[in-house]
Amino acid sequence: MPAASKSRPRTKLPEERRDELMKAAQRLFLQHGIASTTIEQITTGADVAKGTFYLFFSSKEDILAALRDRFAQELLIKIKTAIAQKKKDDLKGKLAAWAAACVAAYLDSIRLHDILFYSSRPPTREGLVNNIVIDHLIELLQAGIDARTWSVDDPHFTAVFLFNGLHSVVDHADTREKRVDRSRLTRRMQQLFLGVVGLPAR
């Protein structure tokens, strides 16, 4: 037997199986919608037995929740990557970068976002006021308060306002404009973020 065949793993790691199921579900949700996609189609798409699905997820709603969590995690990674390009003490630049990265990420994945969050609503509205992306913005706002870069009475309230405001503005632009002017939308969103904390746009 060739050496390559001997070294090839006979079974995949559990995290690989889970990831393949999630990728298959996401692809099918985008193609056919959530309601029309069955668990059997997901397992076929992932090339696993139907019983394997239940080793990782209890239902289609469960894998949908996992996809929502992954969407938020990937969004946060993009935001953190953008912020990391700024100097440590450039909090104004970091806040502007936060807004710009969030706008870009939403526009780049708006169809997936709509499938995950609008086609089938989450059981609660918790994510609108508490999620890892809002938590990160709270930390950034608090850092600005501590450094006396800006004055914000309630970082959590302000972060929820900014996050949901950005979300709604991007939705509005995507549904009303034939072709979204990204640079203009980003610039206006950055102005809003900076204005809320009392900083000039320039």
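Let me begin with Leu185 and its surroundings. Setting aside neighbours within four places in sequence, Leu185 is in contact with Val103, Leu107, Val169, Val170, Ala173 and Val180. I should say at once that this is a predicted model. Leu185 lies in helix α10. Its relative accessible area is 11%, and Leu185 is therefore buried, the cut-off being under 20%. A further distance may help you to place this residue: Leu185 and Ile77 are 108 residues apart in sequence, and their C-alpha atoms are 21 Å apart in space.

From this residue I turn to the helix pair to which it belongs. Helix α9 covers residues 155-176 and helix α10 covers residues 182-196; their axes come within 11 Å and cross at roughly 160°. The angle is over 145 degrees, so α9 counts as roughly antiparallel to α10. The crossing of these two helices, α9 and α10, is right-handed. On the α9 side, the contact is made by Thr158, Phe161, Leu162, Gly165, Leu166, Val169, Val170 and Ala173. On the α10 side, Leu185, Met189, Phe193 and Val196 take part. By class, the residues of this contact between α9 and α10 comprise 10 nonpolar, two polar and no charged. Val169, Val170 and Ala173, which I named among the contacts of Leu185, thus appear again in the contact of α9 with α10.

Let me now place this pair in the whole chain. The protein has 10 helices and zero strands, and its pattern along the sequence reads α-α-α-α-α-α-α-α-α-α. Taken along the principal axes, the C-alpha atoms fill a box of roughly 65 × 40 × 30 Å. Of the 202 residues in the protein, 39% are buried. Among contacts with a separation of 6 or more, 68% are accounted for by residues 24 or more positions apart. The exposed surface of the protein is about 12300 Å², and carbon and sulfur atoms supply 51% of that area.

The second helix pair is α5 with α6. How do helix α5, residues 60-83, and helix α6, residues 91-108, pack? Their angle is about 140°, and their axes are 8 Å apart. These two helices, α5 and α6, are therefore oblique to each other. Their crossing is right-handed. From α5, the residues that meet α6 are Phe71, Leu75, Lys78, Ile79, Ala82 and Ile83. Their partners in α6 are Lys94, Ala97, Trp98, Ala101, Cys102, Ala105 and Tyr106. The residues of this contact divide into 11 nonpolar, no polar and two charged.

Helix α5 also packs against α2. Here the angle is about 95°, with the axes 10 Å apart. It follows that α2 and α5 are roughly perpendicular to each other, a term that covers 65 to 115 degrees. Arg18, Asp19, Leu21, Met22, Lys23, Ala25, Gln26 and Phe29 in α2 meet Lys60, Ile63, Leu64, Ala66, Leu67 and Arg70 in α5. This contact of α2 with α5 has eight nonpolar, one polar and five charged residues.

While we are at α2, a word on Pro14. Pro14 sits in helix α2, which runs over residues 14-32. Its relative accessibility is 47%, so Pro14 counts as partly exposed. Pro14 and Ser58 are 44 residues apart in sequence, with 16 Å between their C-alpha atoms.

Finally, I draw your attention to backbone angles in the loops. Most residues other than glycine have a negative phi. Asp47, although not a glycine, has a positive phi of about 60°. Where is Asp47 found? Asp47 lies in the loop between α3, residues 39-46, and α4, residues 50-56. At 66% relative accessibility, Asp47 counts as exposed. Arg148 likewise has a positive phi, near 60°, and is a residue other than glycine. Arg148 belongs to the loop between α8, residues 132-146, and α9. With a relative accessible area of 78%, Arg148 is exposed.

To close, I return to the starting point: Leu185 is buried, and it is one of the α10 residues in the contact with α9.

How values were computed. Residues are numbered from 1 along each chain as its sequence is written. This is a predicted model: local features need pLDDT of at least 70, side-chain atom pairs count only at pLDDT 80 or more; totals for chains, interfaces and linings use all residues. Side-chain values use heavy atoms; hydrogens and water are left out. Axes are lines fitted to C-alpha atoms, for helices over the stretch in contact, and angles run from 0 to 180 degrees between N-to-C directions. Helices (H or I, at least four residues) and strands (E, at least two) are DSSP runs, numbered from the N terminus. Angles under 35 degrees count as roughly parallel, over 145 as roughly antiparallel, 65 to 115 as roughly perpendicular and the rest as oblique. A crossing is left-handed if the near helix is turned anticlockwise from the far one by less than a right angle, and right-handed if clockwise. Contact means heavy atoms within 4.5 Å. Ala, Val, Leu, Ile, Met, Phe, Trp, Tyr, Cys and Pro count as nonpolar, Asp, Glu, Lys and Arg as charged, and the others, Gly among them, as polar. Buried means under 20% relative accessible area, exposed over 50%, partly exposed in between (1.4 Å probe, protein chains only). Accessible areas come from the Shrake-Rupley method with a 1.4 Å probe; for residues, only the protein chains shown count as cover.
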